[in-house]
Amino acid sequence: MAVQDSQFQLVTFQLGDEIYGVNIMDVKEIVKLQNVRVIPNAPYYVEGIINLRGEIIPIIDLHKRFRIQVLQNQEEDDLDGGFIILNIDGSKIGIIIDRVARVVSVKGEDVKEPPQMLSGIGTEYIEGVIREDNGYLIMLNTRKLFDGKELQKIIEMQ
């Protein structure tokens, strides 16, 4: 596992019934839901593109990618969903989230190896699992969410 023994921060969010986190250093920003323009012949998990202050950003639906059920929002929760804009090797990619959770500080020693299968997501996408009081937090490896060919195809959409 490539997690250092120091402390770092994760931006946590909900997808379906699970809480996930990505390293705060990979997060450019969090934006509200907005209209996504569909791209013909895009991979099944690419929702489309958005124009964010003049920059075209591909939007990925991790629900489709991981085969996760979308969280059924309640009326007061409608403003909680949105996109997390990631900076992956110099390219910006947005991921759809059901709800922003919070930023948490994590010690490297608290990150454990993931079980072989976790909520239908292959372990190749998971950096580790962090135990919390009310369950666990799944730390995603943003660089492994897409293989090189997929990432190149997504970047070309920009």
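**Note on a predicted two-sheet chain**

1. Start with Asp26. Asp26 is buried, at a relative accessible area of 11%. The cut-off for buried is under 20%, so Asp26 qualifies. This is a predicted model, and every value here should be read in that light.

2. Where does Asp26 lie? Its place is the loop between strand E2 (18-23) and strand E3 (27-32). Leaving aside residues up to four places away in sequence, Asp26 touches Ile85, Leu86, Asn87, Thr142 and Arg143.

3. Now look at Ile88. Ile88 belongs to strand E6. Is Ile88 buried or exposed? With a relative accessibility of 1%, Ile88 counts as buried. Trace the chain from Ile88 to Arg143 and you cover 55 residues, yet their C-alpha atoms are separated by 6.5 Å. Arg143 also appears among the residues that Asp26 touches.

4. Step back to the whole chain. The chain has 158 residues, and buried residues make up 48% of them. It holds 2 helices and 13 strands. Take the contacts with a separation of 6 or more: 59% of them involve residues 24 or more positions apart. The accessible surface comes to about 8900 Å², and carbon and sulfur atoms account for 45% of that.

5. One open sheet has 6 strands, in the order E8-E1-E2-E13-E12-E9. Its pairing is mixed. Which strands are at the edges? They are strand E8 (99-107) and strand E9 (111-112), and each pairs on one side only. Strands of a sheet pair through backbone hydrogen bonds, in parallel or antiparallel fashion.

6. Within that order, check E12 and E13. Strand E12 covers residues 126-132 and strand E13 covers residues 135-140. The two run antiparallel and are joined by 6 bridges. For one bridge, find Arg131: its partner in E13 is Tyr136.

7. A second open sheet has 5 strands, in the order E3-E6-E7-E5-E4. The pairing here is mixed too. E3 and E4 stand at the edges with a single partner strand each, so one side of each has no neighbour in the sheet. From one strand to the next, the twist averages 30°.

8. Strand E4 deserves a second look. E4 is an edge strand, with one side lacking a neighbour in the sheet. Even so, 5 of the 7 residues of E4 (residues 46-52) are buried, so the rest of the structure largely encloses this strand. Keep the two ideas apart: one concerns partners in the sheet, the other concerns burial.

9. How many bridges join E4 to strand E5 (residues 55-60)? There are 6, and the two strands run antiparallel. Val46 has Ile60 as its bridge partner in E5. E4 and E5 form a hairpin with 2 residues between them. In the turn, Arg53 has a positive phi of about 50°.

10. Last, the core. In soluble globular proteins, nonpolar side chains tend to be buried together. Here the largest nonpolar core has 25 residues. Phe13, Ile60, Ile84, Ile95, Leu140 and Phe146 have the most contacts inside it. At least two core residues come from each of strand E1 (7-15), E2, helix H1 (62-66), strand E6 (82-88), strand E7 (91-97) and E13. Ile60 is also the bridge partner of Val46.

11. Use Phe13 to explore this core. Not counting residues up to four places away in sequence, Phe13 touches a list of residues that includes Ile84, Ile95 and Leu140. Glu18, Arg99 and Ala101 are also among them.

Note on methods: Residues numbered from 1 in each chain as written. Predicted model: local features only at pLDDT ≥ 70, side-chain atom pairs only at ≥ 80, totals over all residues. Heavy atoms only, no water. Helix = DSSP H or I, 4+ residues; strand = E, 2+ residues; numbered from the N terminus. Buried < 20%, exposed > 50% of the residue type's maximum accessible area, 1.4 Å probe, protein only. Contact = heavy atoms within 4.5 Å. Pairing = 2+ DSSP bridges. Core = buried A, V, L, I, M, F, W, Y, C linked by side-chain atoms within 4.5 Å. Areas by Shrake-Rupley, 256 points an atom, 1.4 Å probe, with all protein chains shown as cover. Axes fitted to C-alpha atoms, helices over the stretch in contact; angles between N-to-C directions.
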